[in-house]
Amino acid sequence: MLRCLTAILLLLPVAAGAAEKPVLSWGKPGVTLEAYRADAVACGRQGYYLDVSSTEAAKVFKDASRQLENNEARLSMVGGDVDRAMQVANDSGRIVERTRPAERMKQVRTLLQDTVADCLRARGYTQFALTHDQQHYLRTLRLGSPERHAYLHSLASNPTVLAAQHL
């Protein structure tokens with residue numbers, strides 16, 4: 001029994017590492033650093049400025065907000081009636097639960113990511129996965145630093161890396 005428990009405990013880090021989500025990036029063979037940065041900014045802006053107000057998720061959030069505002073108005077009318085106040089609070093909880101905010105936000109996030117991906121593809125980029133060693137080195141570089149940008153560009157512009165790690 002002790003041996004089995006020890007084996008399981010030793011395998012947990014291996015299983016956790018195997019389940020680690022790969023780090024993905026975009027590249028184009030031979031792209032200059034200036035073009036790489038300009039394309040990233042241009043495509044990022046397309047995602048950032050995408051109007052999501054007519055999506056199903058936005059409609060659901062808008063409807064839920066209206067329902068919650070109505071509930072809040074009801075709450076102001078209950079006075080000291082604790083039972084009615086609890087009913088209004090329960091109703092609000094059910095409204096939020098039916099909205100499934102995490103799922104709706106995931107839908108919007110996917111739409112924004114797809115917009116950026118389509119833009120990059122249209123500019124000739126392909127997606128690739130970083131190796132474990134590349135991910136490890138990338139984590140040593142400060143977010144937004146010129147060194148990090150240069151490192152990602154060195155991978156993203158390298159035809160050998162793109163061919164070997166293409167998705």
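**Why these labels: questions on a predicted model**

Colleague: Why is arginine 123 called partly exposed?

Modeller: In this predicted model, the relative accessible area of arginine 123 is 33%. Buried would need a value under 20% and exposed one over 50%. The value for arginine 123 falls in between, so the residue is partly exposed.

Colleague: What makes arginine 123 and aspartate 39 a salt bridge?

Modeller: Their closest N and O atoms are 2.8 Å apart. The cut-off is 4 Å between a side-chain nitrogen of Lys or Arg and a carboxyl oxygen of Asp or Glu, so this pair counts. Arginine 123 is in the loop between α5 and β2, while aspartate 39 belongs to helix α2, so the bridge ties together parts 84 residues apart in sequence. At 10% relative accessibility, aspartate 39 is under the 20% limit and therefore counts as buried. The structure has five salt bridges by this rule.

Colleague: How do you know that aspartate 63 and arginine 66 are separated by about one helical turn?

Modeller: The two residues are three apart within helix α3 (residues 56-77), which means about one turn lies between them. Their side chains also meet in a salt bridge, at 2.3 Å from N to O. Arginine 66 has 42% relative accessibility and aspartate 63 has 31%. Each is partly exposed, because partly exposed covers what is neither under 20% nor over 50%.

Colleague: Which residue forms a salt bridge with aspartate 91?

Modeller: Arginine 94 does, with the closest N and O atoms 2.4 Å apart. Both residues lie in helix α4, three residues apart, about one turn of the helix. Aspartate 91, at 15%, counts as buried, whereas arginine 94, at 39%, is partly exposed.

Colleague: How do you know that cysteine 43 and cysteine 119 form a disulfide?

Modeller: Their sulfur atoms are 2.1 Å apart. The limit is 2.5 Å, so the pair qualifies. The count of disulfides by this rule comes to one. Cysteine 43 is in helix α2 and cysteine 119 in helix α5, 76 residues apart, and the pair links these distant parts of the chain.

Colleague: Why is the disulfide of cysteine 43 and cysteine 119 called left-handed?

Modeller: The torsion about its S-S bond is about -70 degrees, so the disulfide is left-handed.

Colleague: Are cysteine 43 and cysteine 119 buried or exposed?

Modeller: Cysteine 43 has 0% relative accessibility and cysteine 119 has 6%. Buried means under 20%, so the label fits each of these cysteines.

Colleague: How many aromatic pairs does the structure hold?

Modeller: It holds two. In one of them, the rings of tyrosine 48 and tyrosine 49 have centres 4.9 Å apart and planes at 90 degrees. Centres must lie within 6.5 Å, and planes over 60 degrees apart count as edge-to-face, so this pair is edge-to-face. Tyrosine 48, at 66%, is exposed, and tyrosine 49, at 61%, is exposed as well.

Colleague: What makes tyrosine 137 and tyrosine 151 an edge-to-face pair?

Modeller: The distance is 4.7 Å centre to centre, with 70 degrees between the planes. That angle is over 60 degrees, so the edge-to-face label applies. Tyrosine 137 in helix α6 and tyrosine 151 in helix α7 are 14 residues apart. Tyrosine 137 is partly exposed at 42%, whereas tyrosine 151 is buried at 16%.

Colleague: Why is glutamine 134 called buried?

Modeller: Its relative accessible area is 11%, and under 20% counts as buried, so the label follows. Glutamine 134 is placed in helix α6 (residues 132-139). Its side chain reaches the backbone nitrogen of threonine 131 at 2.7 Å. Beyond neighbours within four places in sequence, its contacts include Tyr151 and Leu155.

Colleague: Which residues have the most contacts inside the largest nonpolar core?

Modeller: They are Tyr36, Tyr125, Phe128, Leu130 and Leu155, in a core of 18 residues. Helices α2, α5, α7 and α8 each supply at least two of its residues. The most come from α7, which gives four. Leaving out neighbours within four places, leucine 155 touches Phe128, Leu130, Gln134, Val161 and Leu162.

How values were computed
Residues are numbered from 1 along each chain as its sequence is written. This is a predicted model: local features need pLDDT of at least 70, side-chain atom pairs count only at pLDDT 80 or more; totals for chains, interfaces and linings use all residues. Side-chain values use heavy atoms; hydrogens and water are left out. Buried means under 20% relative accessible area, exposed over 50%, partly exposed in between (1.4 Å probe, protein chains only). A polar contact is a pair of N or O atoms within 3.5 Å; within protein, one must be able to donate a hydrogen and the other to accept it, and residues adjacent in sequence count only if both atoms are side-chain atoms. Contact means heavy atoms within 4.5 Å. A nonpolar core is a set of buried Ala, Val, Leu, Ile, Met, Phe, Trp, Tyr and Cys residues joined through side-chain atoms within 4.5 Å. Rings of Phe, Tyr and Trp (its six-membered ring) pair if their centres lie within 6.5 Å; planes under 30 degrees apart count as stacked, over 60 as edge-to-face and the rest as tilted.
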